[in-house]
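Take a look at the chain shown here. The report below starts from one residue and works outward.

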Amino acid sequence: MTKGTPSMGKKRKITHIRCRRCGRHSYRLDKKYCSACHYGLTTKIRKYAWQTIGAFLKYSK
Ligand SMILES: [Zn+2]
């Protein structure tokens, strides 16, 4: 078996497409939900406190 870039040609299965809710490339085609905002899994947008803190620290600089 070949290691490295040439063997990556086998990985042609699309797992994620662009999510229509959060716009990220995280919508899973097999599970039918977005891994970034949980679109398709819940009506509420996936959000955590640490994300809010991280955004606050990022934009407060
Ligand atoms: Zn999403």
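Start with Tyr 33. Beyond its neighbours within four places in sequence, Tyr 33 is in contact with Arg 28, His 38, Tyr 39, Gly 40 and Leu 41. The model is a predicted one. Tyr 33 belongs to strand E3. Is Tyr 33 buried or exposed? Neither label fits: Tyr 33 has 18 C-beta neighbours inside 10 Å, so it counts as partly exposed. A residue needs 20 or more to be buried. The C-alpha atom of Tyr 33 is 9.4 Å from that of His 16, although 17 residues separate the two along the chain.

**The whole chain**

Now step back. The chain has one helix and three strands. Along the sequence, they follow the pattern β-β-β-α. The chain has 61 residues, and 8% of them count as buried. What share of the contacts between residues at least 6 apart in sequence join residues at least 24 apart? The share is 0%.

**The sheet**

The three strands form an open sheet in the order E1-E2-E3, and the pairing is antiparallel. Strand E1 (16-17) and E3 are at the edges; each has a single partner strand, so each has one side without a neighbour in the sheet. Strands of a sheet pair through backbone hydrogen bonds, and the pairing can be parallel or antiparallel. How many bridges link E1 and strand E2? There are two, and the pairing of E1 with E2 (residues 27-28) is antiparallel. Ile 17 sits opposite Tyr 27 in E2.

**The core and its surroundings**

Which residues make up the largest nonpolar core? The five are Cys 19, Tyr 27, Cys 34, Cys 37 and Tyr 39. Tyr 27 has appeared already, opposite Ile 17. Look next at Cys 37. Apart from residues up to four places away in sequence, Cys 37 touches Cys 19, Arg 21, Cys 22, Ile 45 and Arg 46. Cys 19 is one of the core residues too.

Ala 36 lies in the loop between strand E3 (33-34) and helix H1 (49-59). Its contacts, leaving aside neighbours within four places in sequence, are Cys 19, Cys 22, Arg 24, Ser 26 and Arg 46. Ala 36 counts as partly exposed because it has 17 C-beta neighbours inside 10 Å.

**Pairs apart in sequence**

The table lists pairs of residues with their separation along the chain and the distance between their C-alpha atoms.

| Pair | Apart in sequence | C-alpha to C-alpha |
|---|---|---|
| Ala 36 and Arg 46 | ten residues | 7.0 Å |
| Arg 20 and Tyr 39 | 19 residues | 8.4 Å |
| Tyr 33 and His 16 | 17 residues | 9.4 Å |
| Gly 23 and Cys 37 | 14 residues | 9.5 Å |

Two residues in the table come from the loop between E1 and E2. Arg 20 lies there, and so does Gly 23. Arg 20 has 10 C-beta neighbours inside 10 Å, so it counts as exposed. Gly 23 is exposed as well, with 11 other C-beta atoms within 10 Å. The cut-off for exposed is 12 or fewer. Their partners in the table, Tyr 39 and Cys 37, belong to the largest nonpolar core.

**Positive phi angles**

Most residues other than glycine have a negative phi. Two residues here have a positive one. Lys 32 is not a glycine, yet its phi is positive, at about 65°. Lys 32 is found in the loop between E2 and E3. Is Lys 32 buried or exposed? Lys 32 is exposed, because 10 other C-beta atoms lie within 10 Å.

His 38 also has a positive phi, near 65°, and is a residue other than glycine. Where is His 38? His 38 is in the loop between E3 and H1. His 38 counts as partly exposed, because it has 18 C-beta neighbours inside 10 Å. His 38 takes us back to the start: it is among the contacts of Tyr 33.

How values were computed: Residues are numbered from 1 along each chain as its sequence is written. This is a predicted model: local features need pLDDT of at least 70, side-chain atom pairs count only at pLDDT 80 or more; totals for chains, interfaces and linings use all residues. Helices (H or I, at least four residues) and strands (E, at least two) are DSSP runs, numbered from the N terminus. Two residues are in contact if their C-beta atoms, placed from the backbone, lie within 7 Å. A nonpolar core is a set of buried Ala, Val, Leu, Ile, Met, Phe, Trp, Tyr and Cys residues joined through C-beta atoms within 7 Å. Two strands pair if DSSP finds at least two bridges between them.
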